[in-house]
Amino acid sequence: MERGVVVKDLSFREVEHGSGSGSRINNQEAIVIVDSVVWKDVWNRIQGFSDAHGVLLFAEPPAVDFNKETIVVISRGRCFRKENGIEVKRVVEEDDTVHVQVQLTKSVLGRMAPIAITYPYRIIAIPSCGKPIAIVLGQ
């Protein structure tokens, strides 16, 4: 962040997080959502599941007022350890950009961790401000 730039911490709320094995987001990615059509599509990519006959079923996403909030979905994609996760550390607004500071967590070395295919994700809502949103990965 540059000197002389006004930086403001923004509040955010967690909408959902998990490591859903049924997620169809296979790659690490961040998705910024500003409308209900895209929100429903992305929600179903994360939460959709098949019934006993293999028919894909979908759930309604949590309600969001897109006049007031923007949704940010951070996905790690396919992982092989159950302890892999995502933490949102901070959301800051600068003059021209909103930065979502994210930390990818991993299993602790030396600790036994079950091997399982998971798809960790975290979904937050931030105040809408019309500025570009950048995801900043921390160590």
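Which residue in strand 9 is the bridge partner of Ile 86? Keep that in mind for a minute, and hello, everyone. What you see above is a predicted model, and I would like to walk you through it piece by piece.

Let's start with the overall layout. The protein chain has one helix and 12 strands. Reading from the N terminus, you pass through β-β-β-α, and after that helix come β-β-β-β-β-β-β-β-β. The chain has 139 residues, and 36% of them are buried. Its accessible surface is about 8300 Å², with 52% of that belonging to carbon and sulfur atoms. How do the contacts spread along the sequence? Take the contacts between residues at least 6 apart in sequence: 75% of these join residues at least 24 apart.

Now back to my opening question. The partner of Ile 86 is Leu 104. That bridge belongs to the pairing of strand 8 with strand 9 (residues 98-105), which is antiparallel and has eight bridges. These two strands form a hairpin, and four residues sit between them. Strand 8 (residues 85-93) also pairs with strand 1 (residues 8-9), again in the antiparallel sense, over two bridges. In that pairing, Lys 8 has Glu 93 of strand 8 as its bridge partner. Please remember Glu 93, as we will meet it again.

A little background while we are on strands: in a regular strand, side chains alternate between the two faces of the sheet.

Next, let's visit a single residue, Ile 133. You will find it in strand 12 (residues 133-138). Is Ile 133 buried or partly exposed? It is partly exposed, because its relative accessible area is 22%, and the cut-off for buried is under 20%. Who touches Ile 133? Once we leave aside its neighbours within four places in sequence, its contacts are Val 32, Thr 70, Val 72, Val 98, Val 100 and Ile 126. Look at Val 100 in particular: Ile 133 and Val 100 are 33 residues apart in sequence, and their C-alpha atoms are 7.2 Å apart in space.

On to charges. As a reminder, side chains of opposite charge can pair when their charged atoms come close. How many salt bridges does a search of the whole structure find? The search finds seven, and I have picked out three to show you.

The first pair is Glu 14 with Arg 122, whose closest N and O atoms are 2.3 Å apart. Glu 14 lies in strand 2 (residues 13-18) and Arg 122 in strand 11 (residues 121-127), so this salt bridge ties together parts that are 108 residues apart in sequence. The two ends sit in different accessibility classes: Glu 14 is partly exposed at 39% relative accessibility, while Arg 122 is buried at 15%.

The second pair brings in our helix. Arg 45 forms a salt bridge with Glu 29, and here the closest N and O atoms are 3.5 Å apart. Because Arg 45 is in helix 1 (residues 36-47) and Glu 29 is in strand 3 (residues 29-33), the pair ties together parts that are 16 residues apart in sequence. Arg 45 is partly exposed at 25% relative accessibility, and Glu 29 is partly exposed at 27%.

The third pair returns us to Glu 93, as promised. Its side chain meets that of Lys 131 in a salt bridge, at 2.8 Å from N to O. Lys 131 is in the loop between strand 11 and strand 12, and Glu 93 is in strand 8, so the pair links distant parts of the chain, 38 residues apart. Glu 93 is buried, with a relative accessible area of 14%, whereas Lys 131 is partly exposed at 25%.

What about cysteines? A disulfide is a covalent bond between the sulfur atoms of two cysteines. The count of disulfides here is zero. Two cysteines to find in the model are Cys 79, which is buried at 7% relative accessibility, and Cys 129, which is partly exposed at 33%.

Let's finish on the outside. Which residues form a nonpolar patch on the surface? They are Phe 80, Ile 115 and Ile 117, and together they have about 320 Å² of accessible area. Ile 117 is in strand 10 (residues 115-118), and it is partly exposed, with a relative accessible area of 39%.

That's the tour. Thanks for listening!

Definitions and conventions
Residues are numbered from 1 along each chain as its sequence is written. This is a predicted model: local features need pLDDT of at least 70, side-chain atom pairs count only at pLDDT 80 or more; totals for chains, interfaces and linings use all residues. Side-chain values use heavy atoms; hydrogens and water are left out. Buried means under 20% relative accessible area, exposed over 50%, partly exposed in between (1.4 Å probe, protein chains only). Contact means heavy atoms within 4.5 Å. Accessible areas come from the Shrake-Rupley method with a 1.4 Å probe; for residues, only the protein chains shown count as cover. Two strands pair if DSSP finds at least two bridges between them. A disulfide is a pair of cysteine sulfur atoms within 2.5 Å. A salt bridge is a side-chain nitrogen of Lys or Arg within 4 Å of a carboxyl oxygen of Asp or Glu. Patches are made of residues with over 30% relative accessible area and no salt bridge: like charges are joined within 9 Å, nonpolar side chains (Val, Leu, Ile, Met, Phe, Trp, Tyr) within 5 Å.
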